[in-house]
Amino acid sequence: MGLSDYQGFLGAAYLWVKAAHVTFVIFWIAGLFIVPRYYIHHQATTPGSAEDRAWIEREDRARTIILTPAMLIVWVLGLMLAVNVGAFGQHWFSAKLFLVLLMTAYQGWIGAYGRKLAGGYRALENKQLRIMNEVPGILTALIVVLVIVRPF
Ligand code: HEM
């Protein structure tokens, strides 16, 4: 494909941006799977114990080093792609954006629950935490189908 085949403002960088987008999507989702699993183990510790403090530090690092940067980069590259391919107004993209907003809200919940745990609260039962842990997997499957199959 020559340079002239790439219509949007990204030009020949379009595929590199898409490759980077998918790569950071993988990092983001890895973080969305790891951190709630940390919470399940963390919940079993006694508030204030050495183990409790160790989990608080691990969770904080995973959120600040993996989750937040990956989410921001996915959004920036995703919106660049959306402008480049003229995705706004297409139904598959509107549905995708809605599900990605839900995924971003889920990350908000991860932050809020982490602060509660760090404050010594064990607000949810492990069973409830395991159910919450399924959310990113379900959203990921739906988002990938929307962007690749484009059913509508
Ligand atoms: C954060 C907001 C996001 C925006 C604005 C966005 C937007 C886009 C756009 C416009 C494309 C390019 C489509 C094309 O080349 O025609 C794309 C590709 C893709 N996105 Fe996203 N995306 C976002 C988040 C995500 C998330 C969270 C996932 C997965 C869970 C994801 C998975 C993918 C995949 C797999 C592709 C490649 C599709 C292909 O090559 O056909 N995106 N995204």
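## Fold and overall shape

Read from start to end, the chain of this predicted model runs in the pattern α-α-α-α-α. That amounts to five helices and zero strands. If you lay the chain along its principal axes, its C-alpha atoms fill a box of roughly 60 × 30 × 20 Å. The chain has 152 residues, and 36% of them count as buried.

## The iron site

Let's turn to the ligand and its iron atom. On the protein side, the donors are His 21, through NE2, and Lys 96, through NZ. These donors lie 1.9 to 2.1 Å from the iron atom. Counting every donor, the iron atom has six donor atoms around it, and the angles among them run from 83 to 177 degrees. The geometry of the site is octahedral.

Where do His 21 and Lys 96 sit along the chain? His 21 belongs to helix H1, while Lys 96 belongs to helix H3, which covers residues 91-118. The two are 75 residues apart, so the pair links distant parts of the chain. As for accessibility, His 21 is buried, and Lys 96 is buried too.

## The nonpolar core

Next comes the inside of the protein. The largest nonpolar core holds 23 residues. Trp 28, Leu 32, Tyr 39, Met 103 and Ile 110 are the ones with the most contacts inside this core.

Which helices build this core? At least two residues each come from H1, H2, H3 and helix H5, the last of these spanning 135-149. H3 is the top contributor to the core, with eight residues. H3 is also the helix that carries the iron donor Lys 96.

## A nonpolar patch on the surface

Now for the outside. Val 22, Ile 26, Phe 27, Ile 34, Ile 65 and Ile 66 together make a nonpolar surface patch of about 520 Å². Two elements give two or more residues to this patch: helix H1, residues 14-42, and helix H2, residues 50-85. H1 provides the largest share, with four residues.

One of the patch residues, Ile 65, is found in helix H2. Is Ile 65 buried or exposed? Its relative accessibility is 58%, and because exposed means over 50%, Ile 65 counts as exposed.

## Helix H1 in several roles

It is worth following H1 through the model once more. This helix holds the iron donor His 21, supplies at least two residues of the largest nonpolar core, and gives four residues to the nonpolar patch.

Key. Residues numbered from 1 in each chain as written. Predicted model: local features only at pLDDT ≥ 70, side-chain atom pairs only at ≥ 80, totals over all residues. Heavy atoms only, no water. Patch = residues over 30% accessible without salt bridge, like charges linked within 9 Å, V, L, I, M, F, W, Y side chains within 5 Å. Areas by Shrake-Rupley, 256 points an atom, 1.4 Å probe, with all protein chains shown as cover. Salt bridge = Lys/Arg side-chain N within 4 Å of Asp/Glu carboxyl O. Buried < 20%, exposed > 50% of the residue type's maximum accessible area, 1.4 Å probe, protein only. Donors = N, O, S within 2.8 Å, 3.2 Å for Na, K, Ca; no water. Tetrahedral: all angles 85-135°; square planar, octahedral: opposite > 155°, others 65-115°. Core = buried A, V, L, I, M, F, W, Y, C linked by side-chain atoms within 4.5 Å.
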